[in-house]
Amino acid sequence: MSTKHSGTCLCGTVRFEISGTFERFYLCHCSRCRKGSGSAHAANLFSSEAEITWLSGEDCIESYRVPDARHRRSFCRTCGSALPRVEAGGAMVVVPAGSLDTPVDIRPNAHICLSSRANWDDGLDEVPRLDGLPG
């Protein structure tokens, strides 16, 4: 059964739909994903069958590939939001989970590259949780 997801960048310039199912969902803690996301890890969905339909703003998408590496990220030129991309010569669609506006029905398969995680990334389940902003 094929599913459809929709997403946007932060400023709303780029809008897209993803048709197909996600096969894997990884939380990557490598230093490149941490720098690219500005957080403890990147959260990416992977599909070998999905297709991306750009509804608007495709001309505002930029891509950056780390020299001499496979690591690449796509983002909105206006607001910097992470965006989906096609990898492996069209064989794989990679979708930043946070770029989707629709619920994701797959749970993460694994935390990966934990050997290079940030030193402050341990024990986060013990940090207080708030439903809104502090104060």
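**Entry 1: strands β1 and β2**

I began with β1 and β2, which run antiparallel and are joined by five bridges. The model I am reading is a predicted one. For a single register point I looked up His5, and its bridge partner in β2 is Ile18. I then turned to the hairpin that β1 and β2 form, where six residues sit between the strands. Within this hairpin I noted Gly12, whose phi is positive, near 85°.

Next I asked which residues of β1 are on its covered face. I found His5 and Gly7 there, whereas Lys4, Ser6 and Thr8 make up the uncovered face. I recalled the general rule that side chains in a regular strand alternate between the two faces of the sheet.

**Entry 2: the sheet of three strands**

I followed the pairing onward from β2. Strand β2, residues 15-19, pairs with β5 in the antiparallel sense, over five bridges. Here I found Ile18 again, standing opposite Ile52 in β5. Ile18 thus has a partner on either side: His5 is its bridge partner from β1, and Ile52 faces it from β5.

I recorded the whole as an open sheet of three strands, ordered β1-β2-β5, with antiparallel pairing. Its edge strands are β1 (4-8) and β5 (51-56), each of which pairs on one side only. From one strand to the next, I read an average twist of 20°.

**Entry 3: an aromatic pair across β2 and β5**

I searched for aromatic pairs and obtained two in the whole structure. One of them is formed by Phe16 and Trp54, in an edge-to-face arrangement with 5.8 Å centre to centre and 65° between the planes. Because Phe16 lies in strand β2 and Trp54 in strand β5, I noted that this pair ties together parts 38 residues apart in sequence.

I then asked whether Phe16 is buried or exposed. Phe16 counts as buried, as its relative accessibility is 0%. For Trp54 I found a relative accessible area of 23%, so I entered this residue as partly exposed.

**Entry 4: the sheet of five strands**

I moved to a second open sheet, which has five strands in the order β9-β10-β4-β3-β11 and mixed pairing. The edge strands here are β9 and β11 (110-112), and each pairs on one side only. The twist from one strand to the next averages 35°.

I examined β3, residues 24-28, on both of its sides. With β11 it pairs in the parallel sense over three bridges. I noted Tyr26 opposite Ala110 in β11, and Cys28 opposite Ile112 in that strand. With β4, residues 42-47, β3 pairs in the antiparallel sense over five bridges. On that side I found Leu27 standing opposite Ala43.

**Entry 5: Arg85**

I selected Arg85 in strand β9, residues 85-87, for a closer look. Arg85 counts as buried, because its relative accessibility is 13%, under the 20% cut-off.

Which polar partners does the side chain of Arg85 have? I found a polar contact of 2.8 Å with the side chain of Glu87. I also found the backbone oxygen of Arg72 at 3.1 Å from a polar atom of the Arg85 side chain.

Leaving aside residues up to four places away in sequence, I listed what Arg85 touches: Ile52, Arg72, Arg73, Ser74, Met92, Val93 and Val94. Ile52 in this list is the residue of β5 that I had recorded opposite Ile18.

**Entry 6: positive phi outside glycine**

I looked up two residues other than glycine that have positive phi. Asp68 has a phi near 60° and lies in the loop between β6 (61-65) and β7 (72-76). Its relative accessible area is 86%, so I entered Asp68 as exposed.

Ala88 has a positive phi of about 50°. I placed Ala88 in the loop between β9 and β10 (92-96). With a relative accessible area of 58%, Ala88 is exposed.

**Entry 7: the annotated span**

Finally I consulted the UniProt record. This unreviewed entry places the feature "domain: CENP-V/GFA" at residues 5-121. For that span I noted 6% helix and 42% strand, with the end C-alpha atoms 30 Å apart.

Conventions
Residues numbered from 1 in each chain as written. Predicted model: local features only at pLDDT ≥ 70, side-chain atom pairs only at ≥ 80, totals over all residues. Heavy atoms only, no water. Helix = DSSP H or I, 4+ residues; strand = E, 2+ residues; numbered from the N terminus. Buried < 20%, exposed > 50% of the residue type's maximum accessible area, 1.4 Å probe, protein only. Polar contact = N/O pair within 3.5 Å; in protein donor to acceptor, adjacent residues only side chain to side chain. Contact = heavy atoms within 4.5 Å. Pairing = 2+ DSSP bridges. Axes fitted to C-alpha atoms, helices over the stretch in contact; angles between N-to-C directions. Phe/Tyr/Trp six-rings, centres within 6.5 Å; stacked < 30°, edge-to-face > 60°. UniProt positions renumbered as here; feature names shortened; annotations may be inferred.
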